[in-house]
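Trainee: I am new to this structure and would like a close look at a single part of it. Please set the background first, and then take me slowly through the surroundings of the part you choose.

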Amino acid sequence: MLSEKGMIGMGNGVARHDTKTAENAARRAVEAARIVQPEWAGRTVAERAVALERAAKRMLRDRQSLLHLVKEEMGKHEVEGLFTEALGPLDAVKAWKKIVGKAQSRRVLLNPIAFPKKHARIAMVPRGVVGIIAPWNFPVSGLYRSVVPALLTGNAIVLKPSEYTPRSSAWFADHFAREVPHGVVNVVQGDGAVGAQVVESGIDACVFTGSINAGKKVRVKCAELGIPSSVEMGGKDAAIVLGDCDLERTVMGITHWTLANAGQSCGGIEVAYVEERIADRFVEALGRAWSKLRTGPGDDDVEVSPLGNDHQLSVVEAHVKDALAKGAKLVTGGKKTSGRGYMPTILDNCTAEMDVVREETFGPVLAIVRVWGTEQAVRAINASKYGLGASIWSKDVARAERLVDKLDVGVATINTHQFTGAVPQLPWSGTKQTGFGVANSELSLLTYMHPKTIAIDEAPSEPFFMPFDRTLRDLGEALVKAQLGDLLGAAKLPLLLRRRAKRLREFFKG
Ligand code: NAD
């Protein structure tokens, strides 16, 4: 079922729905997926990968249509879209093929003395139909880490893209849908109410990425339904800028990892805790660079794309206003340009009471909090309700590594930030309210597969089988003594085992 069939009507680029239709669309999608999933699961990982690689190559060739769509739906400029949305699908499929390939069924060697003539293996079984509920900020590349492993592990999927970017995400899903059996890839469009319908439509596992508010509801509902879920929610990443950092490189890195995707990344830097001894020079250099950055809609040769939707723009404006009202100093930016463009904004002298320090802003804004030492920065980061990522910027990598150990976050980086979100081999996860869902790496695969233990016994009988009597007690006592190193007790074991075997044969003789 391709996206158009699950589509519930569009207006202004936002998919709309009526609840009854949405419910039906979600259920129909799950039914279609369930019928075909065993056939898909019956293929090998390599066979599934061939189909997905074909789709990924076509995506690379069709990139221009995607870049137009992403620009139309969320305003992302094409140069940025080329790097963040269009370049990655083939690499993602190839990397996941290796990760999933290693996580397939395997034999487990059992101790032949403790478990004579027994064999065991672990079969990794696809969950069945995986529901994937997605946000809008990376409408294509944000799906690699769920759609690709879900399909490669042999599941069928029902994807519910964000209502803000329905066509970009459907573009991605449709490329896969063309290469796999009909019904393996399904798309149901609509808003949060439709997402809730997908959760309750009979799926076997759920992957949610989005805000804390919606994610908690999804997690609770999945727990009630008894289905596994991986729920990844918001972030408020911080950078700790130490006095001994390489200033020029730090300014470059923090500029990019704050403003990439117009700051609309779960793992974008939103706060910089800067050691007082370097703060003036850091703020001045950052301000100088940011005032040269170009923003807003229109020409693609700008660095900061417009915000993805009106709601996001209003959050950014409210946070900046709140910070200024509470005493922050505007270094640069602080205003809208045309359309949904917002100038890259630095706010100095920020404090923990400001929304721009406490809540997710998700825009091109950096709050500078000046600190007198690293302890103050670590305490502030650990006190945040979010726990996705944090970075330390210093020339002294050994010292930075010691600091990393103290940070209560899921992703910690030194002299860089957030790039690991696009690396399939590295877990992308959080702590606290960001959630404990794991994306990427083999550690995420239990969302898509469950282990089934298969054990085979070829021994004629077991000494501990019924009946229970003196012969079994003597054997048990000898086993205890053998474990405690009593050689005399251990020496009796062969005789006691023979006695037990004889006793069992006599007892069960017809
Ligand atoms: P959102 O929570 O508003 O929406 C995300 C998705 O959930 C959408 O498809 C939406 O329709 C759906 N949804 C909303 N309510 C639902 C409900 N009750 N039941 C089921 N589905 C529901 O988030 P958003 O604004 O689209 O995305 C931005 C947020 O996503 C930010 O907080 C960002 O930090 C977060 N995010 C997190 C990660 C991560 O890896 N931790 C990655 C990307 C984005």
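**The ligand and its surroundings**

Mentor: The chain carries 67 positive and 57 negative charges, and the mean positions of the two sets are 8 Å apart; Lys and Arg count as positive, Asp and Glu as negative, while His and the chain ends are not counted, and each charge is placed at NZ of Lys, CZ of Arg, CG of Asp or CD of Glu. This is a predicted model, in which local features need pLDDT of at least 70 and side-chain atom pairs count only at pLDDT 80 or more, whereas totals for chains, interfaces and linings use all residues. Residues are numbered from 1 along each chain as its sequence is written, and side-chain values use heavy atoms, with hydrogens and water left out.

As background, the chain has 19 helices and 19 strands, which are DSSP runs numbered from the N terminus, helices being H or I over at least four residues and strands E over at least two. Of its 510 residues, 53% count as buried, where buried means under 20% relative accessible area, exposed over 50% and partly exposed in between, with a 1.4 Å probe and protein chains only.

Turning to the ligand, 29 residues surround it, and those that come nearest are Ala-134, Arg-145, Lys-160, Ser-211 and Glu-360; a residue is counted as near if one of its heavy atoms lies within 4 Å. Helix 9 (192-199), strand 8 (205-209) and helix 10 (212-225) each supply at least two residues of this shell.

Some side chains also make polar contacts with the ligand, meaning pairs of N or O atoms within 3.5 Å. Ser-211 places a polar side-chain atom 2.5 Å from an oxygen atom of the ligand, and Trp-136 has a polar side-chain atom 3.1 Å from a ligand oxygen. For Glu-360, an N or O atom of the side chain is 2.5 Å from an oxygen atom of the ligand. Taken alone, the ligand exposes 840 Å², of which the protein buries 88%; these areas come from the Shrake-Rupley method with a 1.4 Å probe.

One further residue shows how elements are joined elsewhere in the chain: Val-129 lies in strand 5 (residues 129-133), and Val-129 counts as buried because its relative accessibility is 0%. Leaving aside neighbours within four places in sequence, Val-129 is in contact (heavy atoms within 4.5 Å) with residues including Val-30, Asn-155, Ile-203 and Ala-205.

Conventions. A polar contact is a pair of N or O atoms within 3.5 Å; within protein, one must be able to donate a hydrogen and the other to accept it, and residues adjacent in sequence count only if both atoms are side-chain atoms.
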